[in-house]
Amino acid sequence: MESRARSGTRLTGSLSFRLGVALAVVLAIGGVAVSLAAYAYGRSAAQNSYDRLLVGAANQIAGSLRLRGGEIMVDIPVSAFDLLSLAPRDRVVYAVFDDRGQLITGYDAVAPPDGDDEFFGGSFAGEPVRYAHVRRLISERSFLGAVDVVVGQTIEARRDLAQQVTRNALVAVAAAGLVISGLAFLAVNSALRPLRRLERDVAARSSRDLTPVDVEVPQEIASLVAALNRFIGRIDRQLRIMRTLIADASHQLRTPIAALRAQAELAREAPDAEEMRRIVERIHDRSRNLSQLTDQLLNHAMIIHRADSVELTSVDLRVVASEAVAQFDQTLTGAELEVRMDLPEEPMICDGDALSLVEACKNLINNAVAYGKPPITVFVEDAGATFRLGVRDRGDGMAEEMWADAGSRFAKRSGVSSTSAGLGLSIVSAVAQAHRGRMKIRRPADDRFEVFVELPKVSEVEA
Amino acid sequence: MKPIGLLLAMMLAGAAVAQPAPEAVKSYGPDDAGRRLLVRGTTDIARFETVMDLFASRRGDTRIDYEQWGSNDLFEVTVADCREGVEAADMVISSAVDLQFKLANDGCARAHRSAATARLPQVANWRDEVFGITRELAVIVYNRRLIDDAEVPRSRFDLIDLLRPDDSRFRGRVATYDIEASGLGYLFAFADAQQATTFGSLIEAFGRSGAVATCCSAEIIDGVADGTYLIAYNVLGSYALARAERNPDIVAVAPDDYTLVLARAALIPRLAAEPDLAGAFLDFLLSEAGRSALRSAQLIVSTEEGGPEYLRLPDTAETSFRPIALTPSLLVGLDRHKRRDFIALWRSTFPNEGGAGVTPE
C-alpha cells in the first residue's frame with residue numbers, strides 16, 4: 001500500500017461517476033415510488049370518475065321509475081346511457097328489480113344485489129364488470145317497497161385511464177430525471193472547478209516555491225487547502241532545519257576540528273614524550289568538547305524536527321522535571337553538584353512531548369551549571385493560565401539587554417565557547433514554541449536568576 | 001348448395017312463421033370453392049349483389065352464400081346461435097343497428113382490427129366489433145307528377161303544415177313504416193323522438209290526418225309511384241334512390257331541419273367458422289373498391305357533391321345530418337318497458353293499422 005501510495009495516485013473512482021451512480025439510485029428509487037404512487041392514484045382516479053358515471057346513470061334510471069296501475073314502469077332516459085357512452089368501448093349491462101327481487105326490465109344475466117353495497121364486481125359476456133347499485137324506496141298506496149337499479153360496465157375505460165395517468169406520470173418523472181441529471185452534471189462540474197484551479201496552481205509552482213497556496217476556494221475545500229498549506233509549511237520548516245543543521249555543523253565544527261588537526265600535527269612533530277602527552281591531553285579535552293557540541297547540534301535539530309512531527313500527549317511536568325534531573329545526574333561522574341527540585345503536590349498536566357521537554361529542561365540545568373551559582377533548583381509551578389517549568393540559581397544571570405535575544409541561535413554572550421555552541425537556550429525556546437508556549441527569563445531578586453518555559457494549560461473544557 | 005336464384009319466402013302478408021327463416025338465398029363465386037362465407041343480411045339481394053360478386057371474383061377460390069332476412073328474425077336467429085354455441089353465419093349485416101349493437105354488447109360479436117377499421121370514425125366503430133359500412137339517409141319521398149314544387153315538404157314543419165288543414169288532400173295519403181313490424185321503422189321513429197320536439201307534433205298530425213303505417217320500403221315506394229300515397233315519411237334513402245333511378249317520378253327529400261343518417265351495421269359473430277375470411281370481406285366493404293360498389297348500389301349516398309338530381313339535399317348540409325351513432329344509447333330503445341311505452345304511443349296514433357307481418361326492412 002505504502003509503495004503504491006508513494007508511486008502515484010490511488011484511484012477510487014471518479015467523483016462524477018460516484019455522484020452519477022448516487023443520483024441514478026436516488027432517481028430510480030424516486031421514479032419507482034412515484035410510478036407506484038401514480039399507478040395507485042391513476043387507478044383510484046379512474047375508479048372514482050367512472051363510478052360516478054355509473055351511479056349517475058343508475059340514479060337517472062331510478063328517477064325515471066313510475067307507477068302505473070300498481071306496476072313499476074321504467075322509462076329509461078337516453079341521457080343515462082349517453083353518460084355511459086363516455087366510456088366509449090365498454091359493454092353496458094343493467095337491470096331493475098322490484099321488492100321481491102324480480103327482474104322488471106333489463107338483462108336477466110344480472111343477479112339481484114343481495115346487500116346494500118353501492119358498488120360490486122361481477123362479469124358479463126366473459127369480461128369483468130363493475131356494477132353500481134341504487135335503491136329507490138317507493139311508498140305509494142299501490143306499491144310499497146324498494147326498487148333496485150343495477151348498472152354495470154366493463155372496465156376497459158378505467159384501465160385505459162389508469163394507464164394513461166401512470167404513463168403521463170412516468171413521462172413527467174423521466175423528464176424531471178433528465179433535468180435533474182443535467183443540473184447535477186452542471187453542479188458537479190462547477191463544484192469541481194475550484195479543485196482544478198487548485199491543481200493548476202500547484203502544478204504551476206516552481207519546485208523551490210514553498211509559500212502557502214493562495215487560491216480562492218469554497219468553504220468545503222478550504223480545509224483541504226489549509227491542510228495542504230500546513231503540509232507545505234512542514235516541508236518548508238524541515239528543509240530549513242536541514243539547512244540550519246548543515247550550516248551550524250559547518251560553522252561550529254570546522255573550527256574545533258581544525259584546532260584538533262593542528263594539535264595532532266603538533267603531536268606528530270613533538271620532540272619528546274612529555275610534550276607529546278601534554279598535547280594528547282589537549283586533544284582529548286577538545287574532542288570531548290567537540291562531542292558535546294555535536295550532541296547539542298543534533299539535539300537541537302531533533303527537537304525542532306519533533307516539534308513538527310510528534311503528536312502531543314498529556315504530560316505531567318513534575319515527571320518531566322524529575323526525569324531531567326535524573327538524566328543530568330547520570331551525566332555527572334562526581335557528586336560535586338546537587339540539583340534541587342521544587343515541585344507542587346498536585347499533577348501539572350499539559351499537552352506536550354515529554355522527550356523534548358526533558359531535553360529543554362536538561363539544557364536549562366546545563367546552562368545554570370555552566371553560568372550560574374548553586375544551589376540550582378528545577379521548579380514547576382502553576383501560574384494561573386499557564387504552567388512554568390524552569391531552573392533557578394543564585395547567580396547574576398546574563399545581562400538584561402541580552403534577554404530578548406537569548407532564544408536565537410548562537411546568541412552567546414561572547415561568541416562561541418569551546419564547550420557549547422550556545423544552542424542551549426535556543427533549543428529551550430524552540431521547544432517552548434513547539435508547545436505554543438514561550439521561554440522567559442527573569443530576576444526576581446538580586447541573587448536569583450530564573451529561566452523557564454511557560455506552557456498553556458490543557459483547557460478544562462477540552463479535557 | 002346450388003344457386004337457387006331469388007327465392008321469395010314472403011308469399012303472404014302476415015303469414016306466421018314458426019321457425020325464423022331467410023326470405024331469400026343466393027350464392028356467388030364458384031360452386032367448388034375451397035372456402036365458403038355465409039353472410040346474413042337485411043339488405044335486398046338486388047342492392048347487395050354487386051359487392052358480393054366483386055368480392056367473390058376477386059378472391060377466386062371463395063364462395064359467398066347470402067341469406068336475406070327480416071331484421072327481427074335475423075336478430076333472433078343470431079342470438080339463438082350465439083347462446084347455443086352454434087357455428088353459424090360468418091357475417092351479419094343489418095339495418096337495425098340497435099339490434100346489431102345489442103348483439104355486440106351482449107358478447108355475440110368478435111373483434112376485427114385492420115387498417116380499414118381503424119380509419120372508421122368513432123360513431124361507425126364500436127369496440128372493433130360492430131362497424132357502420134354504409135351511409136343511407138332517412139328521406140321523405142314524393143311523386144313529382146302529383147305534387148308540384150311549391151308543395152314539396154322540405155322539412156318536418158312543412159309536412160305538419162301540409163297535414164294541418166281539415167280539407168288537406170294529404171289526409172290518409174301519407175305513409176310511413178309500421179314500427180311494430182319494421183325494426184328499421186322503430187329505429188328511425190325512436191331516433192326522431194330523441195332528436196326533436198317536432199316528433200310530438202308530427203305524430204299528432206299523422207294521427208289526426210289518418211296517416212298510414214305500413215310495411216316495407218318497397219311497398220311504400222310502390223304506393224308513392226302509383227299514387228296511393230302522395231308522401232312517404234322516413235323511407236330508407238337507398239331504396240328510394242334506387243327506385244328513382246328507374247322511375248323519374250320518384251323524388252327523395254332529405255329534410256332541412258335534420259336528416260337521420262344510417263350506417264348499416266356489420267359484425268362477425270363470435271362463433272363464425274371463417275372469421276378471417278369475414279374480416280377480409282369487411283375490409284373489402286370498407287375499401288375503395290367496396291365503397292364504390294356500395295355507392296353505385298345507392299347504399300352509400302354522397303352528399304358532398306350535391307348528390308343525384310332526384311335527391312333534394314338540405315341547404316345547410318353540415319348541421320342537418322344526424323348519424324345514428326353506434327353507442328350504448330341504442331340500447332335504450334330496446335329496453336322492454338321503453339319499447340312497450342313507445343309502441344303504445346305509436347298505436348294510439350295509428351289505431352286502425354295492424355302489424356304487417358314479416359318485413360324485410
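How many residues does the contact take from chain B, and how many from chain A? The model on your screen is a predicted one, and in it the contact takes 16 residues from chain B and 16 residues from chain A.

**The side of chain B that touches chain A**

Select helix H13 (330-334) and helix H14 (336-349) of chain B, which are the elements that give two or more residues to the side touching chain A. H14(B) gives the most to that side, with four residues. If you colour this side of chain B by residue class, you will find three nonpolar, seven polar and six charged residues.

**Chain B as a whole**

Widen the selection to the 361 residues of chain B, of which 52% count as buried, and whose secondary structure comes to 14 helices and 16 strands. Among the contacts in chain B with a separation of 6 or more, 79% are accounted for by residues 24 or more positions apart.

**The nonpolar cores**

Turn next to the largest nonpolar core, which has 147 residues, and in which Ile61(A) and Val141(B) are those with the most contacts inside the core. Helix H2 (residues 15-63) of chain A supplies the largest share of this core, eight residues. Centre the view on Ile61(A) and show its neighbours: leaving aside residues up to four places away in sequence, Ile61(A) touches Val74(A), Ile76(A), Ala80(A), Tyr94(A), Val96(A), Val149(A) and Val151(A). A second, separate core has 44 residues, including Ile241(A), Ala301(A), Ala360(A) and Ala406(A), which make a convenient selection.

**A sheet in chain A**

Now display the open sheet of five strands in chain A, where the order is S9-S11-S12-S14-S13 and the pairing is mixed. At its edges lie strand S9 (339-342) and strand S13 (438-442) of chain A, each of which pairs on one side only. On average, and with direction ignored, neighbouring strands of this sheet are turned by 20 degrees against each other.

Inside the sheet, select strand S11 (residues 376-383) and strand S12 (residues 386-393) of chain A, which pair in the antiparallel sense over seven bridges. Which residue stands opposite Val378(A) in S12(A)? Show the side chains there, and you will find Val391(A) in that position.

**Helices on the sheet**

Add helix H8 (residues 354-371) of chain A, which packs on the sheet and touches S9, S11, S12 and strand S14 (449-456) of chain A, while its direction makes about 25 degrees with that of S12(A). Finish with helix H9 (residues 424-434) of chain A, which lies across S13 and S14 of chain A and runs at about 130 degrees to S13(A).

Notes. Residues numbered from 1 in each chain as written. Chains lettered and ligands numbered in written order. Predicted model: local features only at pLDDT ≥ 70, side-chain atom pairs only at ≥ 80, totals over all residues. Core = buried A, V, L, I, M, F, W, Y, C linked by C-beta atoms within 7 Å. Buried ≥ 20, exposed ≤ 12 C-beta atoms within 10 Å, placed from the backbone. Contact = placed C-beta atoms within 7 Å. Pairing = 2+ DSSP bridges. Axes fitted to C-alpha atoms, helices over the stretch in contact; angles between N-to-C directions. Nonpolar A, V, L, I, M, F, W, Y, C, P; charged D, E, K, R; others polar.
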